Amino acid sequence: MPQIPLLAEVTTFLARPHGSYIEGTAVLGDDAPFHVINPATGEPLATLNSASQAQADAAMQSAQQAFAAWRDMPTLHRGTLLLKLADKLAEKREELAQLESLCSGKTIQLARMLELDQSVAFLRYFAGWAGKINGETLDVSLPSFAGEKYTAFTRRQPLGVVVAIVPWNFSIMIAVWKIAAALVCGCTVVVKPSEYTPLTLLRLAELATECGFPPGVINVVNGPGGELGPALIGHANCAKVSFTGSVATGNAVGRAAAAQGKRVTLELGGKNAALFLNDLSVTEMVNGIVEAGYLNQGQICAAAECFWLPADKIDAVLQALKTRLDSTVIGSPLDESTAMGPLANRAQLEKITALLATARREGDEIVCGGEAIAGGGYFLQPTAIRVASASSTLMKEETFGPVGSFISYDDPEQALQNINASPFGLAASVWSRNISQALRFSERLEAGIVWINMHTFLDPAVPFGGSKGSGSGREFGSAFIDDYTELKSIMVRY
Ligand code: NAD
């Protein structure tokens with residue numbers, strides 16, 4: 001099928017000079033320009049000037065100035081604005097999906113169904129919390145000596161300005177998780193998008209202003225994370241850092257935040273496992289593996305990268321998986337029949353090809369794929385690797401790509417011990433028709449979220465976040481309230 005035609009709004013937006021979004025206005029960055037690259041072609045898509053330190057400061061000042069009025073706005077008004085933004089994103093679904101697909105290489109279908117439709121769903125979910133973020137009334141135990149009485153209550157008070165640092169893999173949706181949660185609590189935000197995907201959030205911020213969000217409530221600061229990140233985190237107005245990204249950067253962000261006494265939530269990567277129990281058929285296992293490991297070219301933090309299969313089935317599963325992956329339709333993300341687009345950037349392709357070289361050196365068997373696809377873009381064949389042992393590098397290091405590592409087990413208990421030996425614990429899944437057995441494994445798998453007979457499904461009502469080296473804090477559900485509010489106690493004598 002041919003590529004879909006680009007909307008006129010998309011080509012017009014791309015042609016504009018870009019920078020940041022501060023105090024309700026698009027501003028050209030004062031610092032060095034860089035190209036936003038289309039990963040499907042390797043060609044420049046747009047030019048963007050990075051924000052200077054002074055502009056980062058201006059964004060933090062703007063968010064601080066907007067905070068008091070936003071905090072004091074009736075809660076239902078805040079919720080209504082979030083609902084308006086949800087409606088606006090639904091209306092502009094195609095425009096934003098095309099922009100995001102161009103910048104990230106995500107297929108247009110995924111851009112529509114995950115980036116946009118999920119962003120709309122999360123905005124509506126968080127809007128529903130408006131007016132429901134409450135404290136408690138407490139019975140206190142102080143004795144009364146002269147007839148006086150005591151009572152106490154708690155309030156959930158917004159923290160202030162939230163610095164939201166987001167990665168490139170779901171640049172709209174992950175930002176929306178943070179923006180919507182922070183705003184419904186009464187905080188204001190300064191978002192720092194990835195250098196690879198800086199455009200769609202600029203458009204989202206413009207749309208928010210059209211919806212009536214006051215200037216300064218949502219700011220977007222673009223530029224190199226290594227320079228702007230520390231400036232934003234260290235800024236006197238920063239009350240909280242909410243970071244999603246790699247383990248290495250997250251640890252640096254965590255240290256920087258702790259050194260400044262700032263609150264921080266870290267949603268990091270890891271090396272997620274999927275455990276298939278022996279009662280499933282080969283076809284069921286292959287379906288589960290493709291769902292768990294290869295969506296969005298594997299560039300999903302929660303995707304499984306280590307697959308544990310029963311010893312008497314692994315050969316058949318890998319053979320069937322090879323047939324399936326070799327027939328994947330790889331091509332332009334803007335072709336609606338494409339199942340797999342490019343990796344999102346050159347650095348990502350280089351990182352994964354280096355890891356594949358390590359796998360070969362260590363004696364892992366490349367069952368299928370394993371090669372970059374020649375041409376201008378950053379395409380990689382979907383890859384399955386039968387690792388030499390549980391200590392292979394590919395069983396430990398996140399590829400963040402379409403690369404599954406497969407290993408057999410004789411005893412599922414031994415597989416569980418191996419999975420839990422990982423220093424990371426973002427997500428895991430267990431697959432079986434025996435729900436009793438699957439539930440027992442789910443209780444013992446060490447991860448922030450464990451799926452049974454599914455993988456990578458995120459729901460706004462279900463808390464999400466990592467354990468062990470995969471981060472701290474939880475997003476979604478009611479857990480987000482802790483992230484963005486201070487619990488204040490008030491005691492009264494009467
Ligand atoms: P990254 O860590 O390289 O960058 C993330 C963000 O941090 C970017 O905006 C970047 O500009 C910024 N940054 C870079 N240096 C910084 C610094 N010193 N201080 C502050 N900010 C800085 O991650 P990435 O390559 O964009 O994303 C891929 C990674 O993100 C993968 O490891 C993946 O597992 C992880 N991820 C985790 C989740 C989750 O919810 N747990 C979700 C998506 C992605």
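Reader: Which residues have the most contacts inside the largest nonpolar core?

Author: Phe 213 and Phe 480, in a core of 84 residues. Helix 6 (residues 171–185) gives the largest share, 13 residues. This is a predicted model: local features need pLDDT of at least 70, side-chain atom pairs count only at pLDDT 80 or more, and totals for chains, interfaces and linings use all residues. Residues are numbered from 1 along each chain as its sequence is written, and side-chain values use heavy atoms, with hydrogens and water left out.

Reader: What makes a set of residues a nonpolar core?

Author: The members are buried Ala, Val, Leu, Ile, Met, Phe, Trp, Tyr and Cys residues, joined through side-chain atoms within 4.5 Å. Buried means under 20% relative accessible area, exposed over 50%, partly exposed in between (1.4 Å probe, protein chains only). Apart from the largest core lies another, of 30 residues, including Leu 277 and Tyr 409.

Reader: What does Phe 213 touch, not counting residues up to four places away in sequence?

Author: Trp 70, Leu 81, Leu 82, Leu 85, Leu 183, Ala 208 and Ile 218. Contact here means heavy atoms within 4.5 Å.

Reader: Why is Asn 169 called buried or exposed?

Author: Its relative accessibility is 4%. The cut-off for buried is under 20%. Therefore Asn 169 counts as buried. Asn 169 sits in the loop between strand 7 (161–165) and helix 6. Helices (H or I, at least four residues) and strands (E, at least two) are DSSP runs, numbered from the N terminus.

Reader: What does the side chain of Asn 169 reach?

Author: The backbone oxygen of Gln 299, at 3.2 Å. A polar contact is a pair of N or O atoms within 3.5 Å; within protein, one must be able to donate a hydrogen and the other to accept it, and residues adjacent in sequence count only if both atoms are side-chain atoms.

Reader: How do you know what span helix 4 should have?

Author: The expected span is 1.5 Å times one less than the number of residues. Helix 4 (residues 93–104) has 12 residues, so 16 Å is expected; its end C-alpha atoms are 16 Å apart, which agrees. Of those 12 residues, 10 are buried, so helix 4 is largely enclosed by the rest of the structure.

Reader: Which polar atoms lie by the ligand's oxygen and nitrogen atoms?

Author: A polar side-chain atom of Trp 168 is 2.9 Å from a ligand oxygen. A polar backbone atom of Leu 268 is 2.8 Å from a ligand nitrogen.
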